[in-house]
Amino acid sequence: MKFQEILELIDKVAERGIHSVEIEQSGTKVKIEGKSSQPQVFHSYHGDGKENQGLPSIPNALPPASAPSTAPPPVEDQTGLHIITSPIVGTFYRAGSPEAPSFVNVGDRITKGQVLCIVEAMKLMNEIESDIDGVITQVYPSNGQPVEYGEKLFAVKV
């Protein structure tokens, strides 16, 4: 199964509110479980490995969730904020290279179509563009942090 097909399947699970779906093809098993609006993907490989040649090395499951915090999360004023979320699973980068300045910072005015960050997925650098004009009020993930489909990336004051 190709990466693009997996992404499309994730989108369909999210769109239709399907609880879970499991597909096995040529010894590769993909299971997607939808929880609220953010599906999680679990991968496992079976067989002697010959049928999996050329497939990426993917761990058997997502890393375990961290222990819940005892302190309540900070209350954010969501009035007038637009949240930009990740359209794909990957690694969040604030700049085009380690030496380059960040595409945007808190307080920057942005315009629709402006590149805000890069999400790397399977060695492909995907530029994430703004879908709205406004001012960046918060950047949620840290540079180099893994992000999930639908995870918050930026808060924008419109």
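Here are legends for four close-up views of this predicted model.

**View 1. Four strands side by side make an open sheet.** Reading across, the order is 8-7-5-10, and the pairing is antiparallel. Strand 8 and strand 10 (146-147) sit at the edges with a single partner strand each, so one side of each has no neighbour in the sheet. If you're wondering what holds a sheet like this together, strands pair through backbone hydrogen bonds, either parallel or antiparallel.

**View 2. Strand 7 meets strand 8 in a hairpin.** Strand 7 covers residues 115-121 and strand 8 covers residues 124-129. The two run antiparallel, joined by six bridges. Pick out Ile118 and look across to strand 8: its bridge partner there is Glu127. Now follow the chain around the turn, where two residues lie between the strands. One to look for is Met122, which takes a positive phi near 55 degrees.

**View 3. Strand 5 pairs with strand 10.** Here strand 5 (residues 90-93) and strand 10 are linked by two bridges, again in the antiparallel sense. Find Thr91, and you'll see Pro146 of strand 10 standing opposite.

**View 4. A look into the second largest pocket.** This pocket holds about 160 Å³ of space. Its lining includes a run you can trace along the chain, Tyr93, Arg94, Ala95, Gly96, Ser97 and Pro98. Ser102, Ile118, Met125 and Asn143 line the pocket too. Ile118 should look familiar, as the bridge partner of Glu127. Sorted by class, the lining has five nonpolar, four polar and one charged residues.

Conventions. Residues are numbered from 1 along each chain as its sequence is written. This is a predicted model: local features need pLDDT of at least 70, side-chain atom pairs count only at pLDDT 80 or more; totals for chains, interfaces and linings use all residues. Side-chain values use heavy atoms; hydrogens and water are left out. Two strands pair if DSSP finds at least two bridges between them. On a 1 Å grid over the protein atoms alone, a cavity is a set of points where a 1.4 Å probe fits but cannot get out, and a pocket is an open set with protein on both sides within 12 Å along at least five of seven lines; lining residues have an atom within 4 Å of a point. Grid points are joined across faces, edges and corners, and a volume is the space filled by probe spheres set on the points. Ala, Val, Leu, Ile, Met, Phe, Trp, Tyr, Cys and Pro count as nonpolar, Asp, Glu, Lys and Arg as charged, and the others, Gly among them, as polar.
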